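Please open the model in your viewer with the backbone drawn as a cartoon, and keep the selection tool at hand. The tour goes from one selection to the next, with a short account of what is there at each stop.

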Amino acid sequence: MTRLKESDISHISSNLPAYDRELSAKTGKTLLGIACHACRADEMKIREQAGTFSIQVVPVTAGQGIIGDFSQTVAAILHFMGFKARVSDRPDISGIAAAFEQGADAVMTADDHRFVGINLQTRTVSDNSRATGRVFAGGLDLMARGIKDKEVLVMGCGPVGEAAAKTLLSLGARVGLYDLDPSAAHASRQRLSDGAGRGTSMVEENLDRALLGYSHILEATPAEESLPLESISDQMLVAAPGVPLGVPAKGCEILGDRLLHDTLELGVAAMAVSLLL
Ligand code: PYL
């Protein structure tokens, strides 16, 4: 998992209204709407519940320590969606304890290994990697006006890519799995085929050849420019949860509204919605 830098997220809080408009233009839905679509939740009900649902965001100093603006940005995203959100006064265990003592409904907190939301009543745990894969798959479904029976190439078979593949299969897409390490793609395929009720995926071992055959891409790698410029076509739709963005600048220009990418917003939104389910 790539560790975010402050520069990856410092723009988010002040840009949320504009980003919401951008998402509506690309997918037909807002940040909350996409998260509800991905979580198969009723948007009106979620909006109503969010207003009385308090989430305490707790910074964690362990490991590589606090990322500047991370907790404040998470709280800003939650507040923008209508949740009662605040950053705890103290980090770590003191912040977790205070959340319970102050009767918070949930906490959101991240160390160097996991970023999770925990519903303190139901004990539901929402994991950022799974939520991010799921919500970007949902966003691609919306951009494609229905991904069912379409072929999607998932680039990067880590936790985010595999969660995206699982969601895409459940939406009826045909999924190709690519990873720099072919054994990782094969292992993902095996885990995905073990799950009941989902379609079959296939492993693509040669990226250049694979990119000739797919016009729907789910880019979930930690590499820059993982999607070669020459492979980007006028029909291509790209959902890119990978950080840093795997699409070269010229490719972003070509794709325009056919590219969905952010570093935190959609994943946090899906985590929050899933805490209410
Ligand atoms: C959650 C992000 C998404 C991509 N990489 C993940 C990451 O950067 N994880 C580390 C988060 C550390 C947060 C720090 C703090 O400020 O509380 N412990």
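## A tour of two sheets

Begin by selecting valine 116, which stands opposite aspartate 127 in β5. Valine 116 brings you to strand β4 (residues 115–119), which is joined to β5 by 3 bridges, the two strands running antiparallel.

Helix α6 (residues 92–101) can be added to the selection now: this helix packs on the sheet, where α6 touches β1 and β3, and its direction makes about 170° with that of β1. Next select helix α5, which lies across β1, β2, β3 and β4 and runs at about 170° to β2.

With these helices in view, show the whole sheet: it is open, has 5 strands in the order β2-β1-β3-β4-β5, and its pairing is mixed. At its edges are β2 and β5 (125–127), each of which pairs on one side only. From one strand to the next, the twist averages 20°.

Now select strand β1 (residues 54–58), where 5 of the 5 residues are buried. Which residues lie on each of its two faces? Ser54, Gln56 and Val58 are on one side, while Ile55 and Val57 are on the other, and all of them are buried, so that both faces of β1 are covered.

Stay with β1 and look at its two partners. With strand β2 (residues 84–87), β1 pairs in the parallel sense over 4 bridges, and here serine 54 has lysine 84 in β2 as its bridge partner. With strand β3 (residues 106–110), β1 likewise pairs in the parallel sense over 4 bridges, and glutamine 56 stands opposite valine 107 in β3. If you then select helix α5 (residues 70–80) together with β1 and β2, you have a right-handed β-α-β unit.

Move on to the other sheet, which is open and has 6 strands in the order β8-β7-β6-β9-β10-β11, with parallel pairing. Because β8 (201–203) and β11 (259–260) stand at the edges with a single partner strand each, one side of each is left without a neighbour in the sheet.

Within this sheet, select strand β9 (residues 216–219) and strand β10 (residues 237–239), which pair in the parallel sense over 3 bridges; leucine 218 has alanine 239 in β10 as its bridge partner. Finish at helix α9 (residues 182–194), which lies across β7 (174–178) and β8 and runs at about 165° to β8.

Throughout the tour, please keep in mind that this is a predicted model.

Technical notes:
Residues numbered from 1 in each chain as written. Predicted model: local features only at pLDDT ≥ 70, side-chain atom pairs only at ≥ 80, totals over all residues. Heavy atoms only, no water. Buried < 20%, exposed > 50% of the residue type's maximum accessible area, 1.4 Å probe, protein only. Pairing = 2+ DSSP bridges. Right-handed = clockwise from strand over helix to strand, strands pointing away. Contact = heavy atoms within 4.5 Å. Axes fitted to C-alpha atoms, helices over the stretch in contact; angles between N-to-C directions.
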